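Visitor: Please pick one part of this structure and look at it closely. I would like to know how that part fits into the whole.

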Amino acid sequence: MNFENPLIVQGDRSLLLDVHAPLAEECRNALIPFAELEKSPEHLHTYKLSPLSLWNAASAGFTAEDAINVLNKYSRYEVPQSIGMWITEISTRFGKLKLVEGPEKEVPAVPSKTVASDSEENKVVLEKFLYLETDSVPVYKEIAANNSVKKYFVPDNSIEGLRFMLKLTDRGTIKQLLLQAGWPVKDEVPLAEGEKLDVSLRKETLSGKPLEIREYQKASANALVGNKGPGTGFGTIVLPCGAGKTIVGMTIMDMLKTSTLIITTNISAVHQWIEELLDKTDLTPDQIAEYSGENKEIKPVTVATYQVLTWRPDKDGPYPHFSIFHQRSWGLIIYDEVHMLPAPVFRVVAELQAVRRVGLTATLVREDGCEGYVFSLVGPKRYDVPWKELERDKWIATAECVEVRIDLPVKQEINYAVANAREKHKIASMNEDKIPVVKEIIEKNPEDKILVIGQYLEQLDEIAKLLNVPIITGKTPNTERDKIYSDFRNGNIRVLVVSKVANFAIDLPDASLAIQISGTFGSRQEEAQRLGRILRPKERTSRFYTLITRNTTEEEFGSNRQKFLAEQGYSYRIIRYTGPESLE
């Protein structure tokens with residue numbers, strides 16, 4: 001028993017971190033690989049151990065023994081024996097089931113709709129099969145009895161040992177189903193080699209600056225590519241916004257030298273990827289294509305948006321642009337902002353299990369609860385680094401987070417009281433008294449380049465008109481949007497109002513202050529992205545203001561967003577707004 005230690009490990013697999021204890025910061029960093037933050041009030045933060053968090057840790061080489069050692073080192077009291085046993089049992093499930101190469105077999109060809117002759121009808125083709133194997137008899141019997149899984153197994157009396165045979169095309173589906181059953185699959189089937197592409201990173205960018213790949217960027221790319229053998233070449237890399245995830249993607253392209261499909265969140269991000277590829281690799285413009293609502297070309301390197309892929313003319317019909325996945329022999333697919341991967345795309349991702357793939361993200365949190373899909377279909381977490389560690393090393397900016405609590409106008413109190421939950425959120429978010437506070441913060445920080453970010457367009461329009469500054473929303477034409485971003489980067493614009501279209505994959509390196517005036521129901525994912533807009537390395541401390549209406553649902557949702565900040569090690573202060581002097 002050591003009362004100096006910061007951690008209390010409980011039998012229900014929750015971990016309480018005393019943030020005032022001497023080793024709290026060190027302990028928090030040690031928990032990041034294998035525990036999930038659930039609550040972050042002022043004094044005690046609550047973490048939870050979950051199977052998915054342990055399997056992500058195991059896939060990145062963090063063992064059950066490592067996790068138990070962390071708990072023993074920092075725990076104030078003796079760690080319950082049951083916790084250590086559970087961690088060992090759950091962690092070692094990863095790898096109990098393996099997918100390995102199986103045989104090629106002749107199977108009847110699927111006949112065409114118009115069969116010309118009996119000989120064509122009796123044709124056979126070679127089809128690739130896989131083995132799902134284990135060294136455990138109980139595991140084998142449990143899987144054999146699972147009705148949702150066993151229907152995908154191909155009967156074959158020649159199979160020996162504890163293994164099942166399945167079609168190559170069912171590779172992703174089996175991994176999803178087994179994860180749901182509590183058995184993560186270690187996929188060791190070799191990946192197909194795509195079309196070769198001679199692509200290399202430049203020594204200098206087009207502007208003549210030396211291109212230096214940071215050690216953590218190299219390490220994350222190496223963690224994904226591995227030795228290019230079975231079990232490597234797929235997974236998720238978690239790095240904060242501003243840490244250079246695009247550089248990591250290009251480093252992987254340099255290592256694999258293969259045709260690459262890059263999918264990102266919006267047209268501005270597509271243009272940024274193309275600019276970065278031309279600036280930092282030896283690719284030429286005729287080797288790179290944009291596949292979006294405006295242009296639909298396919299070249300050795302193609303950059304597409306999630307929106308165009310999930311468009312369909314009929315809400316119950318097929319997705320015509322899914323064909324892009326099969327129109328070239330891709331050797332690598334990069335899912336930028338993988339936490340935003342739309343659910344329909346998971347269907348295609350399940351089919352593309354033979355292609356090397358990487359998900360890039362600042363947070364694995366998904367509001368739809370599909371973290372398991374990312375794990376099983378894109379790949380497990382291969383690399384993660386604490387945000388504060390990169391801040392310490394000056395790779396991302398130091399940031400101060402401030403929550404400003406503003407009273408609801410008296411005239412709105414009755415409307416708020418009788419409104420339903422969604423309307424309550426809107427009334428609180430659109431509190432008219434927030435607007436003068438935005439103006440005051442901007443006036444008090446004349447040296448900063450400022451983003452005002454919000455959810456409701458009428459509120460943002462009002463602010464943009466009051467400040468006489470540009471605004472970017474989903475309705476802003478792409479050419480105008482790109483010009484405004486460029487003017488902001490070049491210093492022609494100091495203040496920019498943006499809707500949630502700027503949450504993702506937008507590089508605004510000089511932004512040093514963000515004012516969040518409204519958000520999406522306390523989304524941790526959104527908080528990560530918005531904070532990330534001001535984390536590009538710079539000399540001055542960046543500041544992230546969030547305006548909250550007191551005693552409303554915004555306070556409740558705000559606590560969820562604060563959870564993300566605490567998870568990354570950021571402290572935040574709360575200001576009760578009583579006038580301009582309270583912002584000092």
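Guide: In the protein chain, among contacts between residues at least 6 apart in sequence, 73% join residues at least 24 apart. The model is a predicted one, and the part chosen here is Thr236, placed in strand 9, which covers residues 234-238.

One pairing with Thr236 spans a long stretch of sequence: Leu360 is 124 residues away along the chain, yet the C-alpha atoms of Thr236 and Leu360 are separated by 6.0 Å. Other partners can be listed too. With neighbours within four places in sequence left aside, Thr236 is in contact with Val338, Gly359, Thr361, Leu364, Val374 and Val378. Gly379, Pro380, Lys381, Arg382 and Tyr383 are also in contact with Thr236.

Next comes the question of cover. Thr236 has a relative accessible area of 0%, and because buried means under 20%, Thr236 counts as buried. Of the 584 residues of the protein chain, 57% count as buried.

Now the whole chain. Its secondary structure comes to 22 helices and 22 strands. The radius of gyration is 26 Å, close to the 25 Å that the globule rule gives for 584 residues, so the chain is as compact as a globular protein of that length. Along its principal axes, the C-alpha trace spans about 85 × 65 × 55 Å.

As for the outside, the protein chain exposes about 25,700 Å², and carbon and sulfur atoms supply 50% of that area. The chain carries 73 positive and 82 negative side chains, with the centres of the two sets 1 Å apart.

Methods. Residues are numbered from 1 along each chain as its sequence is written. This is a predicted model: local features need pLDDT of at least 70, side-chain atom pairs count only at pLDDT 80 or more; totals for chains, interfaces and linings use all residues. Side-chain values use heavy atoms; hydrogens and water are left out. Helices (H or I, at least four residues) and strands (E, at least two) are DSSP runs, numbered from the N terminus. The radius of gyration is taken over C-alpha atoms; the globule rule is 2.2 Å times the number of residues to the power 0.38. Buried means under 20% relative accessible area, exposed over 50%, partly exposed in between (1.4 Å probe, protein chains only). Contact means heavy atoms within 4.5 Å. Accessible areas come from the Shrake-Rupley method with a 1.4 Å probe; for residues, only the protein chains shown count as cover. Lys and Arg count as positive and Asp and Glu as negative; His and the chain ends are not counted. The place of a charge is taken as NZ of Lys, CZ of Arg, CG of Asp or CD of Glu.
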